[in-house]
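Please look over the notes below with the model open. They cover one helix, one pocket and one residue.

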Amino acid sequence: MFMPAPFDLLIPRRVVYGWGRREELGTLAASLGRRVLLIDGSRTLRRSLEWTALIETLEKSGLKVESVASASAEPSIQDVDEATEIVRQLSPGPGDLVLAIGGGSALDLGKAVAAMAMNGNGRSVREFLEGIGTGAVIEHDPLPVLAVPTTAGTGSEATKNAVISCPDPACKKSLRSERMVPAIVLLDPELTVSVPAAQTASSGMDAITQLLESLVTRKAQPATDALCIAGLKLSLGTLNTAYHHPDDRVARESMCLAAFYSGVALTNSGLGLAHGVAAALGAICEIPHGLACAVMLPATLKVNVSVLKDKLKSLSPLLSTDPGWKDIPPDALAEHVIEAVETLCRELQIPSRLRDVGVLQSQLPQIAAGSQGNSLSGNPVTLSPGQLTALLEELW
Ligand SMILES: [Fe+2]
């Protein structure tokens, strides 16, 4: 008899999904508070008529809107501290909510500011970061967050962490607390239609990497396994369509859901080798996160192939309900997925070698050292520092 190991499952308390449902933004925000502290990240969206309509929705619901910050790149320590200070000047408290709308950077900035506004007490977010902080922890509930992703990829709308860039030494570290999961997530796939093709590709590959890493991680559990399989069925054969046909509604809907599922999966089950290395590639070589994940994904799947094989075989009944998968023998599913990922990377014009995304050979030891951390420790196959360096050399 199947007996799952004990697990915890953290998910946002309300998820609202559907094409065009951004019209409900005001009502949803009003269910969390009366004053909206707005953090956004999409310059294209801000310039659009759509933006005016969104703000009007909030105002029609009787909400006061305070614009706090815009995230143009992954938030730095300074970005979080500055935005937190702006919020502190507004005396935040009951009745306030943070509305984070944009790509993963805006959502991460919003979640971090919501947490720091109620916890920092004048201290820098640096003190709270994993690995480099002073051990300070999020003791009080953050301001409630309403997360509205405008890209399909990071899954930040469902996660308990915010990734923060740190200078000197260059690294990316998480502010993490179970209290940081957004209260409400509004998933309107129509908001992702205007995302440029290159960003559709890289954020989509981030989601696919998260789904595949969470599936085989050491902390995998039945609920996230089911979400990972559902997300892979939605995304693996679809991302190329969203890339080439940005208006394709089914493709945008599929990717939006797959990204959300990947966020729930990673926040509960963790990630692996590709994300461990991607953090270092981002911090040291400034390679965008999704692209770094995509370059590392085929090799990561090959390193973990025996676990992937067993996992997909055991979950084959979930895959066999789908016409695209039902004729593949359970023993061949892992190879099929690896081939599908490699084909997809080629179709999306994602380079297969580290040198082709701007990595210098001399940077490889620093990248290997910088890859150690939370994600890498979840990888089902342990790699020694020497094995990791050799793998990076091979991929260079
Ligand atoms: Fe990611």
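**Notes on α10, a pocket and Leu 9**

1. Glu 286, just after α10, takes a positive phi of about 55°. Helices are DSSP runs of H or I with at least four residues, strands are E runs of at least two, and both are numbered from the N terminus. The model is predicted, with local features needing pLDDT of at least 70, side-chain atom pairs counting only at pLDDT 80 or more, and totals for chains, interfaces and linings using all residues. Residues are numbered from 1 along each chain as its sequence is written, and side-chain values use heavy atoms, without hydrogens and water.

2. Helix α10 covers residues 273-285. Its 13 residues should span 18 Å at 1.5 Å a residue (1.5 Å times one less than the number of residues). The end C-alpha atoms are 17 Å apart, which agrees.

3. 12 of the 13 residues of α10 are buried (under 20% relative accessible area, 1.4 Å probe, protein chains only), so the helix is largely enclosed by the rest of the structure. Among them are His 275, Ala 278 and Cys 285. The buried residues pack against β7, α6, α11, α15, α16 and α17 (contact: heavy atoms within 4.5 Å).

4. α11 also supplies the largest share of the lining of the second largest pocket, 6 residues. By class, that lining has 10 nonpolar, 1 polar and 4 charged residues.

5. Leu 9 lies in the segment before β1. Leu 9 is partly exposed (between 20% and 50%), at 39% relative accessible area. Leu 9 and Ala 278 are 25 Å apart, C-alpha to C-alpha.

Key. Nonpolar A, V, L, I, M, F, W, Y, C, P; charged D, E, K, R; others polar.
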